[in-house]
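Hi,

Here is the structure I promised to pass on. Have a look at it first, and then read my notes below.

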Amino acid sequence: MVTGHGRLGRVLRLWLPVGFFLVLALFPFYWMAITSIKPNAELYSRNVMPLIVHAPTLKHYVDLLTKTSFLLWTWNTMLIAIVSTAISLVLGTMLAYPLARMRFAGAGLIAMTVAAVYLVPQPLLFIPLADVINRLDLGNTLTSVILTYPTMLIPFCAWLLLGYFKTVPKELEEAARIDGANRVQTVLRIFLPLCMPGFISAGIFAFTLSQNEFLYALIFLTKTTVRTVPVGVIAELIRGDVFYWGQLMAGALLGSIPVAIIYSFFVEHYVAGLTGSIKG
Amino acid sequence: MAVVSDRLPGVSRSVQRRSLSVWLDRESVFSWLMMAVPLLFLASLVGYPFVYGMLLSLQDRPVAQPGTFVGLKNFVINFHDPIFWQVAVNTFVYTGVATLLKMVGGLGLALAMNQHFRMKNLVRALLLLPFIVPTVLSTVAWMWMLDPAFSVVNRLLVALGWPKPGPSWLGDPSLAMISIIIINTWRGLPFYGITLLAGLQTVPPELYEAATIDGAGGWQQFRYVTLPLLRPIILIVTLFSVIFTFADFQLVYVLTHGGPQNATNLFATYAFDIAMGAGQLGLGASVALAMLPALAVLIVALTIYMRRS
């Protein structure tokens, strides 16, 4: 679209802007990575060139894994993300299927409600929810977040799946119905197996959303043993005014890796979810 | 007779069973039964807290003590609280500037990526990283990059000739606001860029060919072909971005805790301070609810728009 010819034109209109965005996007991760393997003498010296590592060390990782509860936090984060994603996929499907396939009074209203709930940000609800969780005596249990994360994830999954379900042809279900299958059999045996790509997209997205969640985890989980990675890193690796930057960066990097690995395997599904999440 | 009377109840039972399954087979009955569990779940953990939050905002309610109804007193307190107004201004500035930067930058990113080149999928995957990595973790990295004593950003600036020791990114009130806006933009820009890229890829190439034949230059093609076709998707992405930037919490909580001197305090972080820090659940709920009018307008607009498209 910008006029320009030959190699110079291509550099100017492609590699210059793309390179700029790449450096901007990736520098903080580069900085995270090299900080985590620098010895403290290098970290807190103003005389060495900061952009490269002169004497790499794994000390910060060893400290992080042996002196803090980081592994436990990772386990908690995974458990919470997997269970709340599973709950949300099942309950999201139970909302999305009727909205995509059935004709009934009130369908429009329910679809609007689901979309609206999907858009309600947590800061609007966290104070009353904190009181509810207290009264249910669920403070400092993983159950507290496993119950509350699906409040954001169910509407999200339902919305994404609704869009996907509409693209699946109806003919197979109709054929199964004519052959005498009841509705439940049709959904479970015929329809759902056709929707795997939709479930992968919604599942990946829900998984990254629950890994990212911070506010509910911060409020509901105040004991070391039940904390998630984001809360543990903020609450326990920053002690007063003392920052253990090496350990913090090691923790930030390790905490990002599960999401990054899963994401790298399913990039296309993730992008489909990203664009699908705003269309419906 | 005896044979008939033996048979009748059996017949009626199977008729009953069939009529039950016919009833269950009706689309409306099946739908509502299927939706009952998720709807009850959302009603009890979203609907109920939402209403309960409104009730809380009308109470004087210290944590772990029973509340007393005080009417609109909390809202009156907020109205006379200069910090509350500062927080309101901060939230609007933060949302407005960050959204504008993400929109312009995201459009630039989408246009740059909408060309053919090798390893395009890899580049796209890498560009999305800031958006998928847990915000708190990448924000900690930014905190270290802007550290008062060992900021790599400042060391680069000084190396380029900036007077020592370089700007105090998180210590100076206006610079702190600029910093959180930049980091929010850094995180949200890929979302804009990649969704707009998906939109760009649906523009039929014939339209550009026709425009070229009609003598339209690069800018004119962008202005009269690309932009009008992208408008719906730009609108939706922007509404999304505005809603979640307006109610942002974690980035500010981690980076500045709302400081220095409330310069970066937003509705969400201020409500958190009052409710969780000072233990005033009622007053905190009223601050959180101050977000509701703006959010309600945005959410309703977006919901209607998404239904229509």
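Chain B splits into two domains, with domain 1 covering 2–57 and domain 2 covering 81–308. Bear in mind throughout that this is a predicted model. The C-alpha centres of these two domains of chain B are 45 Å apart. Where they meet, four residues of domain 1 of chain B are in contact with six residues of domain 2 of chain B. On the domain 1 side of that contact you'll find two nonpolar residues, two polar ones and no charged ones.

As for the make-up of chain B, I get 15 helices and two strands. The radius of gyration of chain B comes out at 28 Å, well over the 19 Å that the globule rule gives for 309 residues, so chain B is more spread out than a compact globule. Along the principal axes, the C-alpha atoms of chain B fill a box of roughly 110 × 70 × 35 Å. Of the 309 residues in chain B, 40% are buried. If you take the contacts in chain B with a separation of 6 or more, 69% of them are between residues 24 or more positions apart.

Two local spots in chain B are worth a click. One is the cis peptide bond that joins Lys164(B) and Pro165(B), with omega at about 0 degrees. Pro165(B) sits in the loop between helix 8 (152–159) and helix 9 (173–200) of chain B. The other is Ala294(B), which belongs to helix 15 (residues 292–308) of chain B. Ala294(B) is 51 residues from Ile243(B) in sequence, yet the two are 8.9 Å apart in space, C-alpha to C-alpha. Is Ala294(B) buried or partly exposed? It has 18 C-beta neighbours inside 10 Å, and a residue needs 20 or more to be buried, so Ala294(B) counts as partly exposed.

Now for how the chains meet. The contact takes 79 residues from chain B and 75 residues from chain A. On the chain B side, helix 2 (residues 27–57) gives the most, with 17 residues. By class, the side of chain B that touches chain A has 62 nonpolar, 13 polar and four charged residues.

Over to chain A. Its domain 1 is 1–28, and its domain 2 is made of 62–169 + 196–277. The centres of these two domains of chain A, taken over C-alpha atoms, are separated by 35 Å.

Helix 1 (residues 6–36) of chain A is a nice one to look at. It has 31 residues and reaches 42 Å from its first C-alpha to its last, close to the 45 Å expected. There is a kink of about 40 degrees in this helix at Leu26(A), shortly before the proline Pro28(A). Pro28(A) is also among the buried residues of helix 1 of chain A, which include Phe21(A), Ala25(A), Phe29(A) and Met32(A).

Finally, try the loop between helix 6 (126–135) and helix 7 (142–167) of chain A, where Asp137(A) is found. Asn140(A) lies in the loop between helix 6 and helix 7 of chain A as well. Phi of Asp137(A) is near 60 degrees, a positive value in a residue other than glycine, and phi of Asn140(A) is also near 60 degrees. Asp137(A) is exposed, with 9 other C-beta atoms within 10 Å, whereas Asn140(A), with 15 C-beta neighbours inside 10 Å, counts as partly exposed.

Cheers

Technical notes
Residues numbered from 1 in each chain as written. Chains lettered and ligands numbered in written order. Predicted model: local features only at pLDDT ≥ 70, side-chain atom pairs only at ≥ 80, totals over all residues. Contact = placed C-beta atoms within 7 Å. Helix = DSSP H or I, 4+ residues; strand = E, 2+ residues; numbered from the N terminus. Nonpolar A, V, L, I, M, F, W, Y, C, P; charged D, E, K, R; others polar. Domains from an automatic or database assignment. Expected span 1.5 Å × (residues − 1). Bend = angle between axes of the 7 residues up to and from the residue. Buried ≥ 20, exposed ≤ 12 C-beta atoms within 10 Å, placed from the backbone. Rg over C-alpha atoms; globule rule 2.2 N^0.38 Å.
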